Amino acid sequence: MTAAEVLAAFAPAAGLAPACPAWDGRLSGKLLMAPMAGVSDAAYRLMARAGGAALAYSEMVSCAGLHYGEKSWELVDPDPAEPEIAVQLFGSKPELFRESAERVAARLGERLALLDINMACPVPKVTKKGEGSALLEDPALAAQIVAACREGAPGVAVTVKIRRGRYAGQEVAPEFARAMEAAGACAVAVHGRFATQMYHGEADWGVIDRVAGAVDVPVIASGDILSHEAALRALSETGASAVMVARGTYGNPWVFSGHEATVAEKIAAFECHVRLLEATGAHLKRARSLAGWYFKGMPDAARWRNAAMSCVTAEEFLAVAAEVRAALGE
Ligand SMILES: Cc1cc2nc3c(=O)[nH]c(=O)nc-3n(C[C@H](O)[C@H](O)[C@H](O)COP(=O)(O)O)c2cc1C
């Protein structure tokens, strides 16, 4: 089965749309699925969009990886059932960004909704090479990178994703965002934590307003938007034009629509997701963490999570789902 056929056949039983509606190119008021390394593959993005996400991002893709090998291209290619995707690039060399932007734009054509540049990743393996959030300390280089992407992919929307700053207490986001806007960024996503905080502490939504006050381009809020209500609150209480949901999508593609999923729909969503992993050629091992997420809060959740930990094939995961359904009388 293709992913489109899986969605058409199995998404409605999960309270999800049978196909992904197209992105209209406008950020205002939108709920987006955030980039997540190791998570936001095509199956994950399809679930999010069937759940109502206006757009979904690839995980961050290395410009050097795209230059030197074939493997990274797997992260860039949308499934045919995805009308379009946002692709996020990371790196530190403007020339490699220019080349990546050009090649990604040529490969995806109209299906490339926007190109985002990661200036937020706090992982030392990334920052020690001057990539991710390390760029927050070098606005001149970051500006060259934005300009290089614009040059490589004329006509494509280029955006940046940043944090409050690199080091706790040293907020650079507002003036940094202004420099990115001047370099050609057409939107700025802001995760309201310092890079050194990783994912600890509370995200500060105040910085969203400070960035929105510093730039004319739309601001996308990220950080602790873990429910539909939180998304609506961030849209109404901050200067953000749009919001991004990352961890709040775990086992919850309905976070975008606000639909209250029943237990039966959660089981059906897990099944649909497993079938999408198969249809998109992804590694089925990904369904192990998905089982923990979708079955969370159900009676005997730990038992089902453990059962999924030894599954390898789609049939095995679907058999666990059938057991859950039978045990819960759904
Ligand atoms: C597992 C995981 C992987 C992530 N990978 C990326 C990434 O590749 N690129 C990026 O810009 N942010 C990445 N992030 C950060 C999220 O996009 C988001 O900004 C952050 O998690 C805060 O939002 P949340 O509170 O909704 O999770 C990742 C977050 C998580 C939890």
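Domain bounds here come from an automatic or database domain assignment. I took them as given and started from there. The model is predicted.

**Domains**

I looked up the division of the protein chain first. Domain 1 covers 17-256 and domain 2 covers 263-327. I then checked the separation of their centres, taken over C-alpha atoms: 29 Å. At the contact between them, nine residues of domain 1 meet nine residues of domain 2. I sorted the domain 1 side of that contact by class and got six nonpolar, one polar and two charged residues.

**Core**

Next I looked for the largest nonpolar core. It has 116 residues. Val146, Val188, Ile220, Ala221 and Val243 have the most contacts inside it. Helix α11 (residues 263-279) supplies the largest share of this core, nine residues. Where does the core lie? Both domain 1 and domain 2 give residues to it, so it lies between them.

I picked Val188 for a closer look. I left aside its neighbours within four places in sequence. Its remaining contacts include Thr159, Val160 and Ile162. Ala177 and Met180 are also among them, as are Val211, Val215, Val217 and Val219.

**Helix α8**

Ala177 and Met180 led me to helix α8 (residues 173-183), where both are listed as buried. The other buried residues of α8 are Ala173, Phe176, Glu181 and Ala183. I looked down the helix axis. The buried residues fall within an arc of 160°, so they line one face of α8. I noted the general rule beside this: an α-helix has 3.6 residues a turn, so residues three or four places apart point the same way. The cover over the buried residues of α8 includes α7 (139-152), β5 (158-165), β6 (188-194) and α9 (206-214). Gly184 follows α8 and has a positive phi, near 120°.

**Helix α2**

I turned to helix α2 (residues 42-50). How many of its residues are buried? Nine of the nine are, so α2 is largely enclosed by the rest of the structure. Charged side chains do not break the list: Arg45 and Arg49 are among the buried residues. I checked what covers α2 and found α1 (3-10), β1 (31-33), β2 (55-62), β3 (85-90) and α11 included. Just after α2, Gly52 takes a positive phi of about 115°.

**Ligand**

Last, I went to the ligand. There are 22 residues around it. Ala34, Met36, Met60, Ala246 and Arg247 come nearest. By class, I recorded eleven nonpolar, seven polar and four charged residues in the shell.

How values were computed
Residues are numbered from 1 along each chain as its sequence is written. This is a predicted model: local features need pLDDT of at least 70, side-chain atom pairs count only at pLDDT 80 or more; totals for chains, interfaces and linings use all residues. A nonpolar core is a set of buried Ala, Val, Leu, Ile, Met, Phe, Trp, Tyr and Cys residues joined through C-beta atoms within 7 Å. A residue is buried if 20 or more other C-beta atoms lie within 10 Å of its own, exposed if 12 or fewer, and partly exposed in between; C-beta atoms are placed from the backbone. Helices (H or I, at least four residues) and strands (E, at least two) are DSSP runs, numbered from the N terminus. Two residues are in contact if their C-beta atoms, placed from the backbone, lie within 7 Å. A residue is near a molecule or strand if its C-beta atom, placed from the backbone, lies within 6 Å of it. Ala, Val, Leu, Ile, Met, Phe, Trp, Tyr, Cys and Pro count as nonpolar, Asp, Glu, Lys and Arg as charged, and the others, Gly among them, as polar. The arc is that of the directions from the helix axis to the C-beta atoms.
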